[in-house]
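Please load the model in your viewer and keep the sequence panel open beside it. We will go from stop to stop, selecting a few residues each time.

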Amino acid sequence: MQYDAFLAQCPSRQLLDRIANKWVTLVLAALRDCDGEPRPLRYSELARRLDGVSQKMLTQTLRALERDGLVTRTVVATVPVTVSYELTGLGHSLHDTIRGLKAWAETHMDDVHAHRETYDRGA
């Protein structure tokens with residue numbers, strides 16, 4: 001089947017909408033160590049790493065990513081129960097793109113701020 005995200009009813013547009021979400025981007029980026037090695041993270045580790053995310057939003061985001069096959073959820077019967085998440089093969093195939101987008105935003109934020117100030121002065 002051919003997909004074309006420029007078409008309103010194309011499922012690939014819905015997928016783009018999902019992966020363009022800031023929390024999805026940050027969750028996928030977080031599921032690797034700083035050195036780039038993949039590793040499972042517990043729910044609480046993700047919550048701490050993603051400053052400002054609500055419990056509800058993190059849960060919804062992780063469920064959506066699991067449904068789309070980008071992360072796996074592992075439950076270990078401990079007291080209390082331990083739940084961890086990690087990238088699937090499909091998630092790994094998207095990770096470099098997501099990590100690059102995050103890095104671009106961090107690298108170019110000063111440039112964007114400068115352009116905003118210039119634009120706002122002229123408006």
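## First stop: Thr61 and its neighbours

Select Thr61 and show what surrounds it: leaving out residues up to four places away in sequence, Thr61 touches Trp23, Val24 and Val27. Before going further, please keep in mind that this is a predicted model. Thr61 itself sits in helix 4, which covers residues 55-67. Is Thr61 buried or exposed? Its relative accessibility is 4%, so Thr61 counts as buried, the cut-off for that class being under 20%. Now add Met57 to the selection and draw a distance: a polar atom of the Thr61 side chain lies 2.8 Å from the backbone oxygen of Met57.

## Second stop: helix 2

The three contacts of Thr61 lead us on to the next selection. Colour residues 22-30, which form helix 2, and switch on a surface: seven of the nine residues are buried, leaving the helix mostly covered. Which residues of helix 2 are buried? They are Trp23, Val24, Thr25, Val27, Leu28, Ala29 and Ala30. Trp23, Val24 and Val27 are thus both buried and in touch with Thr61.

Next, move to the N-terminal end of helix 2 and show Asn21 as sticks. Asn21 caps this end, with a side-chain oxygen placed 2.7 Å from the backbone nitrogen of Trp23.

Step back to Ala20, in the loop between helix 1 (11-19) and helix 2. Here the surface view changes: the relative accessible area of Ala20 is 59%, so this residue is exposed, the cut-off being over 50%. If you like, measure across to Thr107, which is 87 residues away from Ala20 along the chain; their C-alpha atoms are 18 Å apart.

## Third stop: the largest pocket

A word on how to look for such a place: empty space shows up when a probe the size of a water molecule is rolled over the atoms.

Keep Ala20 and Asn21 selected and add Lys22, Thr25, Leu26, Leu101, Lys102, Ala105 and Glu106; together these residues line the largest pocket. The space inside the largest pocket is about 190 Å³. Which helix gives the largest share of the lining? Helix 5 does, with four residues. Helix 2 and helix 5 (89-122) each contribute at least two residues to the lining. Colour the lining by class and you will find four nonpolar, two polar and three charged residues.

## Fourth stop: the sheet

Turn now to the strands and switch to a cartoon view. There is an open sheet of three strands in the order 1-3-2, with antiparallel pairing. Its edge strands are strand 1 (41-42) and strand 2, each of which pairs on one side only.

Select residues 71-76 and 82-87, which are strand 2 and strand 3: they pair in the antiparallel sense over six bridges. Follow the chain from strand 2 to strand 3 and you pass through a hairpin of five residues. Two pairs are good to label here: Val76 has Thr82 as its bridge partner, while Thr72 has Glu86.

On the other side of the pairing, strand 1 and strand 3 run antiparallel and are joined by two bridges. Label Leu41 and Tyr85, which stand opposite each other.

## Last stop: Thr88

Finish by selecting Thr88, in the loop between strand 3 and helix 5. With a relative accessibility of 16%, Thr88 counts as buried. Which residues is Thr88 in contact with, leaving aside its neighbours within four places in sequence? They are Gly69, Leu70, Val71 and Thr72. Draw two distances from the Thr88 side chain: one of 2.5 Å to the backbone oxygen of Gly69, and one of 3.3 Å from a polar atom to the backbone nitrogen of Leu90. Thr72, one of the contacts of Thr88, is also the residue whose bridge partner in strand 3 is Glu86.

Notes: Residues numbered from 1 in each chain as written. Predicted model: local features only at pLDDT ≥ 70, side-chain atom pairs only at ≥ 80, totals over all residues. Heavy atoms only, no water. Buried < 20%, exposed > 50% of the residue type's maximum accessible area, 1.4 Å probe, protein only. Polar contact = N/O pair within 3.5 Å; in protein donor to acceptor, adjacent residues only side chain to side chain. 1 Å grid on protein atoms, 1.4 Å probe; cavity = no way out; pocket = protein on both sides within 12 Å on 5 of 7 lines; lining within 4 Å. Points joined across faces, edges and corners; volume = space filled by probe spheres on them. Nonpolar A, V, L, I, M, F, W, Y, C, P; charged D, E, K, R; others polar. Pairing = 2+ DSSP bridges. Contact = heavy atoms within 4.5 Å.
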